[in-house]
Every structure is written in structure tokens, then in C-alpha cells.
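Got a structure open and wondering where all those labels come from? Let's go through some of them together, question by question.

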Amino acid sequence: IADKRARGYVMTSQRYVLHCFARFAEREGTSGPLTLDLARRWAESVKSARVGAAEERLRILRPFARHLADVEPGTEVPPFRMLGPAIAPEHVHVPRDDVCTELADRVCDYVALRRSLGHAFVTQELLLRTFARYARDTGHKGPVTIACAVSWAKATTSPDPAHAGRRLGALRGFLRYLAGFAPRTEVPPAGLLGPPTRRKPPHNYSDAEIAALLKGARALRVRGGLRPWTYATFFSLLASTGLRVGEARDLRCADVDLKRRLLTVRDGKFHKSRLVPLHPTAIQPLRGYTKWRDRHRAGTSSAFFFRTDRSDRLGCHAVELTFMRLRDRLGWTEAGRTRVPRMQDLRHTFAVRRIQRWYEDGEDVDLRLPQLATYLGHVDISGTFWYLTAVPELMALCAERFERSTRAARGRRI
């Protein structure tokens with residue numbers, strides 16, 4: 001809870017639920033790691049009769065179990081929807097504001113609708129409930145106006161200049177929904193307070209930087225142990241497949257099929273799963289790592305593909321800390337770069353190089369981008385198109401191709 005609050009999460013309801021779980025475990029006299037059986041018995045002990053209440057408890061327990069697995073090997077993480085859907089549309093319960101106004105009710109109904117469609121909607125719910133309280137405290141009456149929405153969006157203490165735009169962007173979806181019940185509701189136009197996000201361009205790794213990162217990983221302590229092999233192979237896989245960091249960490253041995261040259265990503269971002277083909281050159285290093293890992297004392301005690309000398313899987317904080325230490329040793333800073341190199345920039349570099357290759361080969365990039373979006377696991381292809389405007393190298397290739405096409409068009413007219 002302290003770790004999550006340090007990142008800006010409120011964790012009020014989650015704190016209460018997790019304390020309930022801790023008390024249940026004490027009453028059961030549980031000793032040892034968290035098990036699926038314990039999680040199931042606790043979730044099903046809920047007194048609420050509403051559909052999905054037990055799975056809703058597991059939804060809150062699941063992130064804590066993943067955190068616990070990093071420090072206590074053997075912890076079993078409840079799988080997604082182990083007890084069915086967390087929320088059924090007709091049985092959704094969303095906490096109400098202290099003073100139940102009509103606007104607050106509409107916020108609760110909208111949040112319930114979005115969650116019934118599979119969205120987590122945690123941050124958005126907090127923002128919308130804040131807006132409902134703002135309207136109540138300022139004495140707003142009647143339909144929501146653009147002036148009211150903008151006034152609330154600007155009432156933020158965040159120093160981030162894009163924060164007001166993000167607040168207004170979160171509110172626009174709700175106001176479109178509200179307009180179906182109150183036709184006089186005014187919906188702010190998109191971009192009224194600027195773009196909701198100002199993403200800094202990713203760092204595009206050079207071949208020399210990737211080679212230096214892998215060399216540094218092989219020199220990690222304990223030499224001759226499993227840790228150097230694990231991190232060198234882990235970073236190599238990120239660079240050669242464009243996997244998200246969490247997707248690579250969560251790979252299990254059964255998900256890595258070297259004979260078919262195929263990875264299976266399960267329950268990735270937005271709980272999506274997909275198949276990721278491997279390039280033939282990636283097979284031999286992965287096979288070598290597998291043999292070394294299985295000869296090591298960590299052996300077959302864990303179902304996870306990546307392990308270290310002291311842990312049955314790669315923990316989130318351990319991976320991040322290891323990368324930051326390697327980055328510091330290599331002296332990588334923001335000087336001369338678009339930003340400080342990050343681990344996820346290996347994914348961006350993979351996407352950029354693939355698009356660059358298509359441009360150089362004369363491929364129709366517009367037709368190819370949906371394939372790349374599927375391979376990367378993008379929910380919306382706009383996330384893939386972003387690379388075309390965010391990376392100078394790709395902008396230069398786009399401009400060059402546009403110039404060639406316009407010259408050819410002029411020649412045909414002549």
C-alpha cells in the first residue's frame with residue numbers, strides 16, 4: 001500500500017479489502033506462501049449477494065499477489081477471471097459520493113457502464129467523482145456547460161501543462177454520455193486546452209548502445225551464475241521482439257515454443273493475449289539460455305521462463321533497478337538524446353526499425369502498419385501511427401517519399 005501511494009494512488013478501498021484478506025488468513029491459521037485455494041476461499045466468503053462480488057475481491061488481491069511473488073517465491077497469483085467476470089452490468093456497485101446528487105449518480109452509472117465493457121476505469125473514476133464534487137461545491141445548477149468543464153479542468157495544482165487537457169479529455173466522454181439524458185449538456189471540443197498528452201519522442205537505440213547494454217548485462221554479478229545470462233537474454237528478447245517489459249517478465253516455459261518459433265503472450269495489456277513469431281536468429285540464444293538455466297540450481301522449480309540465482313522469476317522492481325544501474329555504469333544521460341534511455345525504448349526501437357526497413361524496401365507502409373500493430377499488441381492502430389510523427393528518422397523518410405511522389409505527379413501532368 002505504501003508503495004502504491006508513493007506512486008500517487010489513493011488506495012482507500014483497496015487498503016480496507018487487503019486488510020480483510022490479512023485478517024482472514026490469520027483466522028485460517030495460514031502459514032507459507034499465498035495459494036489459490038486461500039484466495040478462492042476468502043473471495044467466496046464475501047457476504048454480498050451481487051453477481052461478481054467474489055471476483056471483484058480477487059481483482060483487488062491480484063496486484064498485491066504479484067507484488068508478494070517478487071519477495072516470497074511460491075506465491076500463487078490468481079488468474080484473471082478465476083471466478084468469472086468481476087462485474088455484471090446489471091449488478092454493478094460503484095461507491096457514491098457523500099452527497100448523492102443527480103450528477104454524482106450519473107457519474108456512478110457511467111463508470112459502471114464502462115467497467116461492464118471491460119475497462120478498468122480507475123483514474124477516470126477518480127477524476128469524474130472530483131468533477132461531481134466540484135460542481136456540487138460551486139453550487140452549479142442546470143446542464144453542464146463548457147465554461148464549468150474548463151473551470152474544473154484548470155483547477156489543478158499539477159505543474160504539468162498537459163494535465164488540464166487530460167482532465168478535460170477524461171470529462172468529454174462522460175459529457176457525451178450525459179448529453180443522452182440532458183440534451184442541453186455542452187461537450188467541449190477535442191483539444192480545447194491543448195492535446196491531452198504530450199509524449200516525448202522515444203529514444204532510438206543504436207546498435208552500439210544495444211551491444212553495450214548486453215555486454216554490461218553479461219558482466220553482472222554473480223559471474224558464472226544465472227543472473228548475467230538471464231538479463232542478457234531478457235534484454236535481447238526485448239530488442240528482437242518488441243515485447244513489453246511486463247510481457248517478457250511474465251513468460252512461462254510453456255509460452256516459449258522454440259520448435260515452432262513462437263511466443264504466447266497471455267493476459268497482456270488490457271488483458272489481451274497474442275502469438276508473437278520469433279526470428280530464426282533468436283532461437284539459438286534462447287535455446288542456449290534454456291539449457292544453462294535448466295542446469296542451474298534454479299532448475300525446474302519455477303514455471304517462469306526467466307529466473308535468477310535467488311528468485312524463481314524476474315520481479316518488476318528488480319528488473320527496473322538492474323537496468324538503471326547498467327545505464328548509470330554506461331554513462332547514459334539525456335545529453336545529446338531525445339530523453340534518458342529507458343527499458344521500454346527497446347520496444348520503440350524495434351517498431352521504428354521495422355518501419356524504416358519497410359520504407360527502404362519500398363513497401364506500402366499504410367498496409368503494413370496494421371500487421372505491426374497486431375504484432376506489438378496495440379489495441380488501437382493510432383498507437384502505431386504515432387511513430388511516424390514522433391521519430392525524426394521516420395519523418396525524414398515520409399517527407400522523402402512524399403517529395404518523390406509529388407515530382408512524379410508533376411511529370412505526368414507535363
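Before we start: this is a predicted model, where local features need pLDDT of at least 70, side-chain atom pairs count only at pLDDT 80 or more, and totals for chains, interfaces and linings use all residues. Residues are numbered from 1 along each chain as its sequence is written, and side-chain values use heavy atoms, with hydrogens and water left out.

Q: How many helices and strands are there in the chain?
A: The chain has 17 helices and 3 strands. Both come from DSSP runs, numbered from the N terminus: H or I over at least four residues for a helix, E over at least two for a strand.

Q: Why does Leu103 count as buried?
A: Buried means under 20% relative accessible area, while exposed is over 50% and partly exposed lies in between (1.4 Å probe, protein chains only). Leu103 has 15% relative accessibility, so Leu103 counts as buried. You'll find Leu103 in helix H5 (residues 102-116). Across the chain's 414 residues, 41% count as buried.

Q: What does Leu103 touch, not counting residues up to four places away in sequence?
A: Leu103 touches Phe131, Ala132, Ala135, Val144, Phe174 and Leu178. A contact here means heavy atoms within 4.5 Å. As for the chain in general, take the contacts between residues at least 6 apart in sequence: 57% of them join residues at least 24 apart.

Q: What makes H14 roughly antiparallel to H15?
A: Helix H14 (residues 345-360) and helix H15 (residues 365-376) pack at an angle of about 155 degrees, with axes 11 Å apart. That angle makes H14 roughly antiparallel to H15. The cut-offs are under 35 degrees for roughly parallel, over 145 for roughly antiparallel, 65 to 115 for roughly perpendicular, and oblique for the rest. Axes are lines fitted to C-alpha atoms, for helices over the stretch in contact, and angles run from 0 to 180 degrees between N-to-C directions.

Q: Why is H7 called oblique to H8?
A: The axes of helix H7 (residues 146-154) and helix H8 (residues 163-178) come within 8 Å and cross at roughly 140 degrees. That crossing makes H7 oblique to H8. On the H7 side, the contact includes Ala149, Val150 and Trp152, and on the H8 side Leu168, Leu171 and Leu175 are among the residues involved.

Q: Which classes of residue make up the contact of H7 with H8?
A: There are 8 nonpolar, no polar and 2 charged residues. Ala, Val, Leu, Ile, Met, Phe, Trp, Tyr, Cys and Pro count as nonpolar, Asp, Glu, Lys and Arg as charged, and the others, Gly among them, as polar.

Q: How do you know which strands are at the edge of the sheet?
A: The open sheet of 3 strands runs in the order S1-S2-S3, with antiparallel pairing. S1 and S3 are the edge strands, as each pairs on one side only. Two strands pair if DSSP finds at least two bridges between them. Strand S1 (residues 256-257) and S2 have 2 bridges, and S2 and strand S3 (residues 274-277) have 4 bridges.

Q: Which residues are the bridge partners of Asp257 and Leu262?
A: Asp257 is partnered by Leu262 in S2, and Leu262 has Pro277 as a bridge partner in S3.

Q: What covers the case for saying both faces of strand S2 are covered?
A: On one side of S2 (residues 262-265), Leu262 and Thr264 are buried, and on the other Leu263 and Val265 are buried.
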